[in-house]
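Colleague: Got a few minutes to go through this one with me? I would like to start with the charged pairs.

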Amino acid sequence: MDVSDMIENLSDIKITYTRTGLNGVTRKCGSTINFIFSARDKLIGVYESKGINSVVYFSISQIINNWDFVELFKCQLDFSSFSYDSYTASISCLDNDIESILNANKGTTYEFFVDELKNDKKLNYDGVIIRNEKVCILSGETVEGESYTRKEFDNMVPDWWWIPYIGTTDSGSEIHNKSFVFQDQSESMPSASGDNTGLGFPANPCNTSWFLECLRDNTITIDFSSIEFSGSNQFAYALFKIDTKGVVQPLTCGYSNMLSLDSNTRPNSIKWTGQLKKGEKLQYAVFNHNPLNETHADLSSLRVNTGECGASWDERGDNYKIDIVRPVTLLNAILKKIFPGKDITGSIIESVVGITNDRLKNSCLVAAESIREMATPRIYTSFSKFCEYMEAVYGYVYIIDGNDVRFVHRSELFSTDNKIVIGNVSEFNYSVASDRIYSSVQIGYEKQDYDFGNNGSDEFNFNNTYTTGCTIKDSKLTLISPYRADCYGFVELAEKRNQDSTTTDSDQQIFIVCAIEHESEYELDRSIDVQGTYTYSIFNAKLAPVYMIEANMAYLSSFAGKLTFASSEGNSDIVIDGRKVNSDIDMGSSMFGNGNFSFTMENTIIDSNLNSLCIELSNQGKTYKGSIKSLEFSLSNVEAVKYELIEIK
């Protein structure tokens, strides 16, 4: 039904096309429409038949050169806003296009079962080498009123060996401890006689007291060099191993060293690194040399001034197969929640100007509950968080093409590839785009805290802050991904596998993992050389803030010729692929100019892909190029179109 002459307020109704931020361009019909004559009667009749569930569409078409009609706009009328009197029927457009529904629901967090989204291939997670530390305390007998402890030896019996008490503490950081068990070494002064060393004194006979037992083969470092004694000159100190048959063997020195009391037997020399086999144990013992002296006292005493000592070892943990979700799968799951029963799909273009984007192609998403191997793991996110992740990490934004919500690199929208040249514009105006001026940039991921002791201090996938050199205004651009990429956070959750009864702040978070796809699984990508870390086994270097800057380079270059490093919440001493985290970054070619410009164009309306359209025009001898920021026209005059363009380079 043609209602061209049945709209009372035709001049008030405007159609606008607007770019949301730096995403795609969407359209909207504003104002309430007042219908008269037959259109009024028709609407009342429909309403009386079906009430607020009535379905009526309103469309706008334009006559082109051959007198054919081309539809410019179509939307459903909103009968919840319907009213009428004796002359008019008033109703608003139901702004139910994809963009408006996305905006209305973008902040809603949705919950999905990982089993419904997971990829057929799992991630082969082989862990990160973690340094474990354990602190122990050696002590003798307490002395009233004193901070030190002591031990007395009978040189007449004689007391050859003392196995001192060594107590374990809660200090240190046992993160990956599946190799060793620590226990209190019970004090003993074993009875020993004879000369089975062949050196005039008996060997250490005690195989019933120890401070450490090996549960599976591994290398460990023992450092008892910080223990301080007084009156220690006539004693020898040694670390012993008790093998699986109960044989006691000295490790840090031999019995001949004990005879000569050389430097290998001094308290500060008790450091040892070596491999233990399953079932082997370690013991610390003191040898009393006094009975070997021709003129020895009946009694000798040893004072323990400082008894703190410890051990450290590396452990990688077990291999796990963990479910992963592809980003495009999660996107479509979100859209299915937002558009129930509708055929709205999502896609992600894994190339930039025809070149495969390997960082994006090799990125997998892992739910925290999957890392922990919860019984029914879920993944939680919103459309907003997905968009923030895509923009910050890869420089991607979305456009709407029919029923497809498509993520593309920002450079696909703001370029001169899809250019038209126009002339005969009026009301030209140019102004500086103050909303694209920034004095600093913060980019990366949220800072995390770990229960790792010194571990985690290597983590570089937090966020960096840079200054742009702009002194005009204090404004910060923040590109922070809500999805995490810190490998130590991944490790921390992996250590809580099968612990359904415990909860952490990370349980509803999503981790990004760069992984290489193989025939049957995904393998962690460690192809980027990282220096300055404790271990080579860290991963996700490709997701570091420096690569996030590269992904957004042309955009950031629009307001900064150089990013000067200010600070980092991660380890700024790390070197990634030869580049220091704390280095300044020289920028490249700009995507945008400094301003926006507007104009009115008569007798035409652009029928093109407004998302990526570049318009070029000349004004007073100067050429301007821009992408659509907004476009507006009135139904009463579709031949006068107002444009505002974002200046592009």
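Modeller: Fine. Keep in mind that the model is predicted. Glutamate 616 and lysine 419 make a salt bridge, with their closest N and O atoms 3.0 Å apart.

Colleague: Where do glutamate 616 and lysine 419 sit in the chain?

Modeller: Glutamate 616 is in strand β45, residues 614–619, and lysine 419 is in strand β32. The pair links distant parts of the chain, 197 residues apart.

Colleague: Is glutamate 616 buried or exposed?

Modeller: Glutamate 616 counts as buried, at 16% relative accessibility. Lysine 419 counts as partly exposed, at 40%.

Colleague: Which residues are joined into one network by salt bridges that share partners?

Modeller: Lys178, Arg216, Glu315 and Asp318.

Colleague: And how many salt bridges does the structure hold?

Modeller: The count is 29. One of them is between lysine 121 and glutamate 517, where the closest N and O atoms are 2.9 Å apart. Lysine 121 lies in the loop between α3 (114–117) and β8 (122–125), and glutamate 517 is in strand β37 (residues 510–517), so this salt bridge ties together parts 396 residues apart in sequence.

Colleague: How accessible is each partner?

Modeller: Lysine 121 is buried, with 18% relative accessibility. Glutamate 517 is partly exposed at 46%.

Colleague: What about arginine 410, which residue does its side chain meet in a salt bridge?

Modeller: Glutamate 391, at 2.8 Å from N to O. Arginine 410 belongs to the loop between β31 and β32, while glutamate 391 is in helix α8 (residues 383–394); the two are 19 residues apart. Arginine 410 is buried, with 0% relative accessibility, and glutamate 391 is partly exposed at 24%.

Colleague: Next along is serine 411. What does its side chain do?

Modeller: The serine 411 side chain has a polar contact of 2.8 Å with the side chain of histidine 409. Serine 411 is in the loop between β31 (404–409) and β32 (419–421). Setting aside neighbours within four places in sequence, serine 411 contacts Val352 and Met591.

Colleague: Different serine now. Where is serine 312?

Modeller: Serine 312 is in strand β23, which covers residues 308–315. Serine 312 is buried, because its relative accessible area is 11% and the cut-off for buried is under 20%.

Colleague: What is serine 312 in contact with, leaving aside neighbours within four places in sequence?

Modeller: Arg131, Asn132, Glu133, Ile220 and Thr221. Serine 312 also has its C-alpha atom 6.4 Å from that of lysine 134, with the two positions 178 residues apart along the chain.

Colleague: Changing topic, how many disulfides?

Modeller: The count comes to zero, going by cysteine sulfur atoms within 2.5 Å.

Colleague: Are cysteine 470 and cysteine 614 buried or exposed?

Modeller: Cysteine 470 counts as buried, at 18% relative accessibility. Cysteine 614 is buried too, at 0%.

Colleague: Last topic, the surface. Which residues form a nonpolar patch there?

Modeller: Tyr47, Ile52 and Tyr84, with about 310 Å² of accessible area together.

Colleague: Where is isoleucine 52 placed?

Modeller: Isoleucine 52 is in the loop between α1 (37–50) and β4 (57–63).

Colleague: Why does isoleucine 52 count as exposed?

Modeller: Because its relative accessible area is 58%, and exposed means over 50%.

Colleague: Good, that covers my list.

How values were computed:
Residues numbered from 1 in each chain as written. Predicted model: local features only at pLDDT ≥ 70, side-chain atom pairs only at ≥ 80, totals over all residues. Heavy atoms only, no water. Patch = residues over 30% accessible without salt bridge, like charges linked within 9 Å, V, L, I, M, F, W, Y side chains within 5 Å. Areas by Shrake-Rupley, 256 points an atom, 1.4 Å probe, with all protein chains shown as cover. Salt bridge = Lys/Arg side-chain N within 4 Å of Asp/Glu carboxyl O. Helix = DSSP H or I, 4+ residues; strand = E, 2+ residues; numbered from the N terminus. Buried < 20%, exposed > 50% of the residue type's maximum accessible area, 1.4 Å probe, protein only. Polar contact = N/O pair within 3.5 Å; in protein donor to acceptor, adjacent residues only side chain to side chain. Contact = heavy atoms within 4.5 Å.
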